[in-house]
Amino acid sequence: MINKVLLLICDGLGDRPVPQLGDKTPLEAAATPNLDALAAQSQCGLLCALGRGVRPGSDVSHLAIMGYDPARDYPGRGPIEVAGLGIALEDGDIALRGNFGNVDDAGICRDRHCRHISDFRPYAAAVDGMEIDGVRFIVKPGTAHRAGVVLRGKGLSDAITDADPHKTDEHLHEVTPTDDSPEARRTAEVLRKFFVRAAGILRNHPQNLELQKAGKTPANFVLVRGAGRYRRLQPFRERWGLSAACVAGGGLYKGIGALLGMKVIDVPGATGKLDTDLDAKMRAAVAALEEHDFVFLHFKAADTQGEDGKWAEKKAFIERIDRALAPALTLPPTTLFIATADHSTPCILKAHSADPVPIIFRGESVRVDGVRSYGERSCAAGDLGLMAGLDVMPHIMNLMGRLPLIGA
Ligand code: ZN
C-alpha cells in the first residue's frame with residue numbers, strides 16, 4: 001500500500017503550440033525520456049487548479065492543490081512570502097513584502113532593486129524592531145533586495161494600498177486605506193510614520209554613506225506591497241494526517257510550505273532561478289521521504305521563461321527537469337510520485353493562462369492508463385480527465401486507502 005508521497009509542481013510548465021516548434025508546446029517538443037517513462041507507468045490526466053476558465057496565481061493554485069480552498073484560506077501574498085522568510089506570524093499580524101530600493105528627495109523611485117548592493121541584511125537589522133503607536137515592526141531580509149515587513153499590534157487592517165509604485169522613475173505611492181474602517185486608517189498612518197523613521201535611519205546608515213562616497217546609489221527606502229492579514233491555517237499534517245516537508249528555492253513556495261506547517265528544507269544551490277541545482281533539490285526531496293510522509297518539491301524556472309516568452313529556453317529547462325527526475329523511476333512502488341504544474345504560462349501570452357496542465361500519479365496499484373508520454377495533449381487522453389486542484393489531495397488519500405467511507 002502507498003505510504004509516501006512525492007508531489008512535484010513545475011511552475012508554469014504548461015504552454016500553447018509554438019509555430020517555431022512545429023506547433024508543439026515547449027513540453028511536447030522537449031526530449032523528456034524520464035517523464036515519458038513515468039507517464040507510461042501512471043494514471044494520467046489534466047489539471048485546472050482553480051477549475052476550467054480560471055487563470056490562477058501561483059499562490060492560490062498551490063493552496064488548492066494542497067487541499068486548501070483559496071476562497072476560504074487565501075491570506076494574500078504578503079503573509080505567504082513573509083512566512084517563507086522564517087518569521088513566525090501571529091493571528092492578526094499584517095504582513096507585507098517589499099524591496100529595499102532608492103527614492104530621491106522628490107519622492108521619485110529611482111531604483112526598485114539596487115542590484116549593485118550585495119548584502120541587504122544590515123539594512124533590515126537597522127529598521128527591525130521599531131515600536132510606533134503601539135505597533136511593533138518586524139523587518140527581515142529575503143533573497144537579494146527583498147524583505148518582509150510585519151506590523152504586530154491591535155486594531156490593524158490589510159485594507160491599504162501599496163507604497164511600491166511597481167516602476168522606476170515614478171513617484172512613490174502614498175499608502176492609503178481602501179475602506180472606511182478606523183483600522184485601515186490607523187494602519188496606513190502608522191506605516192507612513194514607519195517610512196519616515198526608516199528613511200531617516202537608512203539615510204545615515206554606514207553602508208549607504210560608503211556607497212555614496214563611491215558614487216553609488218544607496219538603498220534608502222522599504223518599498224512595500226501586497227498587505228495581507230495573517231490567520232492560522234489548519235496545518236497540513238492535521239488536515240491530511242501526513243507529516244510533510246517542502247523543497248523549494250523561491251520564497252513564495254517556501255512560504256506555502258511554512259504556512260501549512262511543513263518542514264521547509266533549505267537546499268544549497270536551490271535558487272528558484274535558471275541557475276538552480278535541480279539535482280540537489282531532487283536528492284533532498286527523496287531524502288526527505290525517509291522522515292516525512294509527504295514531500296512537496298517545487299521547480300520554478302519554466303514559469304519565468306514563459307513569462308519572458310522564451311520558448312527555446314523553456315524547452316531547454318524542461319529537458320533539465322527531465323534529467324533531474326531520473327531518480328523518480330527507481331522510487332519504491334509504495335511511494336506515490338505525482339508530477340504536475342500550478343498553471344500554464346504560454347510563451348505567446350508571457351503570462352499565466354487557464355489552459356490545463358498534465359498530471360500523473362505513479363505508484364502501487366494505481367490504474368495505469370494508455371498514456372505513453374508526458375505532455376499537455378497526450379495526458380488529455382488519460383484516465384483522470386480534467387481534475388481541479390481541490391481534487392488532488394482526495395485522490396491521493398484514496399490511493400493511500402485513507403478516505404473515510406460516506407454512508408454505510
Ligand atoms: Zn506559478
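Where in the chain does H292 lie? In this predicted model, H292 is placed in the loop between α11 and β12.

**Figure 1. Surroundings of H292, a residue of the loop between α11 and β12.** The relative accessible area of H292 is 10%, so the residue counts as buried, the limit being under 20%. When neighbours within four places in sequence are left aside, H292 is in contact with K4, S243, A244, A245 and K263.

**Figure 2. Helix α13 and the elements packed against its buried residues.** Helix α13 covers residues 311-324 and has 14 residues. From its first C-alpha to its last, α13 reaches 20 Å, close to the 20 Å expected at 1.5 Å a residue. The buried residues of the helix are K314, F317, I318, E319, I321, D322 and A324. An α-helix has 3.6 residues a turn, so residues three or four places apart point the same way. The partners against which the buried residues of α13 pack include the helices α1 (26-29), α2 (33-40), α11 (278-288) and α12 (301-307). The strands β1 (4-10) and β12 (294-299) also pack against these buried residues.

**Figure 3. The aromatic pair of F100 and Y123.** The structure holds seven aromatic pairs. One of them joins F100 and Y123 in a tilted arrangement, with 5.8 Å centre to centre and 40° between the planes. This pair links distant parts of the chain, as F100 belongs to strand β3 (residues 94-103) and Y123 to helix α6 (residues 121-127), 23 residues apart. F100 has a relative accessible area of 0% and is buried. Y123 is likewise buried, at 0% relative accessibility.

**Figure 4. The aromatic pair of F194 and F195, and the cluster that contains both residues.** The rings of F194 and F195 form a tilted pair, 6.1 Å centre to centre and with 55° between the planes. The pair is classed as tilted because 55° falls neither under 30 degrees, as stacking requires, nor over 60, as an edge-to-face pair requires. F194 and F195 are both buried. Together with F137 and F221, these two residues form one aromatic cluster.

**Figure 5. Y68, with R239 and L390 beside it.** The charged end of R239 sits over the ring of Y68, at 4.0 Å from the ring centre. Y68 is also one of the residues that L390 touches, residues up to four places away in sequence not being counted. The others touched by L390 are A49, A64, G67 and D69. L390 is found in helix α14 (residues 389-399). With a relative accessible area of 37%, L390 is partly exposed. The C-alpha atoms of L390 and G155 are separated by 34 Å, and these two residues are 235 residues apart along the chain.

**Figure 6. The largest pocket and its lining.** The volume of the largest pocket is about 950 Å³. Its lining is made up of 36 residues, of which R77, E81, R146, G250 and G251 are the closest to the pocket centre. The elements that each give two or more residues to this lining are α5 (77-84), β3, β7 (146-152), α10 (251-259) and α12. Among these elements, α12 gives the most, with five residues.

**Figure 7. The largest cavity and the residues that line it.** Rolling a probe the size of a water molecule over the atoms shows where empty space is left. The count of cavities of 30 Å³ or more comes to two. The volume of the largest cavity is about 40 Å³. Its lining includes L47, C48, A49, V54 and P56. D342, H343, S344, S353, A354, D355 and P356 also line this cavity.

**Figure 8. Positive phi values at A144 and H166.** Most residues other than glycine have a negative phi. At A144, phi has a positive value, near 50°. A144 is placed in the loop between β6 (135-141) and β7, and is partly exposed, with a relative accessible area of 47%. Phi of H166 is also positive, near 65°. H166 is found in the loop between β7 and β8 (170-171). At 42% relative accessibility, H166 counts as partly exposed.

Conventions: Residues numbered from 1 in each chain as written. Predicted model: local features only at pLDDT ≥ 70, side-chain atom pairs only at ≥ 80, totals over all residues. Heavy atoms only, no water. Phe/Tyr/Trp six-rings, centres within 6.5 Å; stacked < 30°, edge-to-face > 60°. Helix = DSSP H or I, 4+ residues; strand = E, 2+ residues; numbered from the N terminus. Buried < 20%, exposed > 50% of the residue type's maximum accessible area, 1.4 Å probe, protein only. Lys NZ or Arg CZ within 6 Å of the ring centre and 35° of its normal. Expected span 1.5 Å × (residues − 1). Contact = heavy atoms within 4.5 Å. 1 Å grid on protein atoms, 1.4 Å probe; cavity = no way out; pocket = protein on both sides within 12 Å on 5 of 7 lines; lining within 4 Å. Points joined across faces, edges and corners; volume = space filled by probe spheres on them.
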